[in-house]
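Biologist: I've got a model open and I'd like to learn how to read its strands. Could you walk me through it?

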Amino acid sequence: MSGDSVAAAQLLMGVELLPPWAEHAPIDIGGVWALYGIAEGDRGQSRALYLRQHLMGDRHGLWVGGAIGQIDRATAFASNAFDAGAWITRGPARLTAVVSTTTSNDRGVFVHTSVRPKQFAEHFRVADATLSLEYETGRFELQGTTGGRMALHGLRGSSVFGFVSVAWRMAQTTRLVFSGGSQVADPLRGTPEWKFVSAGIRISRSPGVSAIPRGPAAPPLYAQRLIDGRVRFVIDAPYSSASVEVMGTFTDWKSVELDLEGTQWVVTLPAVPGPHRLRVRVNGGEWRVPSNLTVQRDEFGARYGIIVIP
Amino acid sequence: MKHTILRAAVLALVIAVLPPATGAQSTGDPAAVPQLKAELDRAAKLGVPAEFLLSTARRGMMFGASTNKIRDAMRGAADRYVTAREALSPVQAEGEIGAGADLLQANVTKNALKSLRAAHMTRSLAVPLGVLQVLVSKGVPVKQALATVNEMLKRKDSDTRIASLGTDMQGLLAQGLAPSAAFDALSRGVLSLPQSPAVGSVLAPQRK
């Protein structure tokens with residue numbers, strides 16, 4: 001729920017699907033359905049469909065995408081948008097930059113905004129640029145976003161915006177999210193330019209999986225030879241994870257589950273001294289290479305990590 | 001417009017749940033596939049352990065590779081095993097031949113393996129070969145990597161010390177150093193240290 005300067009309220013519901021088979025080039029498919037009512041009488045609903053093609057490296061990636069949307073008020077309005085973005089991660093932090101352009105014939109959404117419709121214009125286009133910094137620490141995920149909008153067609157003016165959000169990981173599948181700041185009008189969803197404070201609950205089917213791909217690297221893995229000759233493997237996955245698995249040359253490429261000991265995910269296995277290939281999986285997601293290991297591709301094109309165990 | 005969005009949403013949902021078109025098999029026993037069984041039989045005549053090839057086959061099956069591709073990979077693995085076994089003879093420890101075969105796959109020559117064995121006849125080379133694999137895959141020239149590992153072996157550095165060369169290299173690369181610069185720094189640092197006494201088998205991993 002949110003309010004803007006003309007006392008509007010709306011309900012947003014979204015769903016995002018991440019097909020599991022494309023490790024380096026996953027596709028985001030999402031949809032949003034919004035209902036809104038404005039105190040002065042305008043009510044309506046909007047629907048938008050999003051598609052993004054990602055290309056991901058270990059710690060960086062980029063995407064291109066598009067969206068189409070329709071807003072039903074007294075009249076139906078259509079919008080489309082194209083965006084391109086890039087991101088880079090360093091440890092628990094991620095920086096994302098996005099540029100996009102949106103085209104719409106919805107004059108009403110731009111009224112009462114800093115980017116105003118020109119007289120007699122019927123079609124409108126804007127360009128947006130956004131910079132976002134995310135940081136994860138313990139049970140909290142912090143995000144700060146700032147950006148600007150420029151009129152391209154049918155509008156005049158420009159605006160800047162910014163907002164912050166804090167997500168608290170209450171449980172393995174549930175996050176409580178608090179946000180606040182300002183946001184530009186969104187022709188795809190029919191939301192006006194607004195200052196907002198919001199609270200929401202995010203529920204995911206797979207615990208601990210980010211809704212946005214964060215790259216192919218899995219949490220780091222460490223190995224320690226014990227006195228009895230076996231090797232203790234430790235994976236630095238969040239302790240709130242539902243499951244952590246490893247497979248490699250020392251497991252005959254069969255998946256082995258790790259146990260949570262305190263805040264560490266651990267398994268002890270026999271492994272001969274020398275190099276071992278392995279992959280790790282968290283919460284039943286994709287098999288990935290731990291971020292601290294050397295990556296190699298085998299003769300099948302699959303990526304795996306190498307660890308040399310003394 | 002309404003119908004267009006609805007159709008697009010249905011199409012997207014179908015694409016999302018459709019299973020990928022992949023190779024001929026994804027699970028099962030490699031030995032049960034006739035072409036792969038033939039490769040196992042061929043390799044057995046060459047003295048290659050079945051488990052060595054089955055590991056390759058299982059990887060291929062997991063990745064959804066075609067039977068032909070798995071068969072070719074098994075054949076390549078068997079040939080590399082034989083070459084590594086010859087180069088590293090007399091083999092001192094389990095894991096040496098596999099490590100040597102991996103290095104051959106990384107385009108390190110048989111002669112490089114032979115020279116290392118010749119210089120260190122009685123010591124297990126499994127860990128040094130593994131570290132060589134890490135260094136070469138990170139872009140360190142083979143000659144340079146071989147020289148440093150060889151020097152550490154001559155100084156009788158422990159497997160732990162040699163293994164840390166690969167780990168430290170990874171750390172320096174993560175900080176943005178070019179492979180040659182990172183390795184130069186490491187080599188100077190490692191080779192300037194006094195020789196260490198033999199380290200016990202209980203080790204503490206160095207977390208960054």
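Biologist: Let's start with a single pair. Which residue stands opposite A:Arg225 in β16(A)?

Modeller: In this predicted model, the partner of A:Arg225 is A:Val231. That pair belongs to a larger pattern: strand β15 (residues 221–225) of chain A is joined to β16(A) by five bridges, and the two run antiparallel.

Biologist: How many residues lie between β15(A) and β16(A)?

Modeller: Five, and the two strands form a hairpin. Have a look at A:Gly229 in the turn, where phi is positive, about 95°.

Biologist: Now the other partner. How many bridges join β16(A) to β20(A)?

Modeller: Five bridges join β16(A) to strand β20 (residues 264–269) of chain A, and these run antiparallel. To find your place, pick A:Val234, which stands opposite A:Val266 in β20(A).

Biologist: And why is β16(A) described as largely enclosed by the rest of the structure?

Modeller: Here "buried" means under 20% relative accessible area. Four of the five residues of strand β16 (residues 231–235) of chain A are buried, so the rest of the structure largely encloses this strand.

Biologist: Before I trust all that, what is the mean pLDDT of chain A?

Modeller: Chain A averages 82, with 83% of its residues at 70 or more. Among its elements, strand β1 (residues 8–17) of chain A has the lowest mean pLDDT, 54, while strand β18 (residues 256–257) of chain A has the highest, 96. Take care over residues 1–8 of chain A, where pLDDT is below 50. Residues 206–214 of chain A are also below 50, though beyond near neighbours in sequence this stretch has 24 contacts in the model.

Conventions. Residues are numbered from 1 along each chain as its sequence is written. Chains are lettered from A and ligands numbered from 1 in the order in which they are written. This is a predicted model: local features need pLDDT of at least 70, side-chain atom pairs count only at pLDDT 80 or more; totals for chains, interfaces and linings use all residues. Side-chain values use heavy atoms; hydrogens and water are left out. pLDDT is the predictor's confidence in each residue, from 0 to 100. Contact means heavy atoms within 4.5 Å. Buried means under 20% relative accessible area, exposed over 50%, partly exposed in between (1.4 Å probe, protein chains only). Two strands pair if DSSP finds at least two bridges between them.
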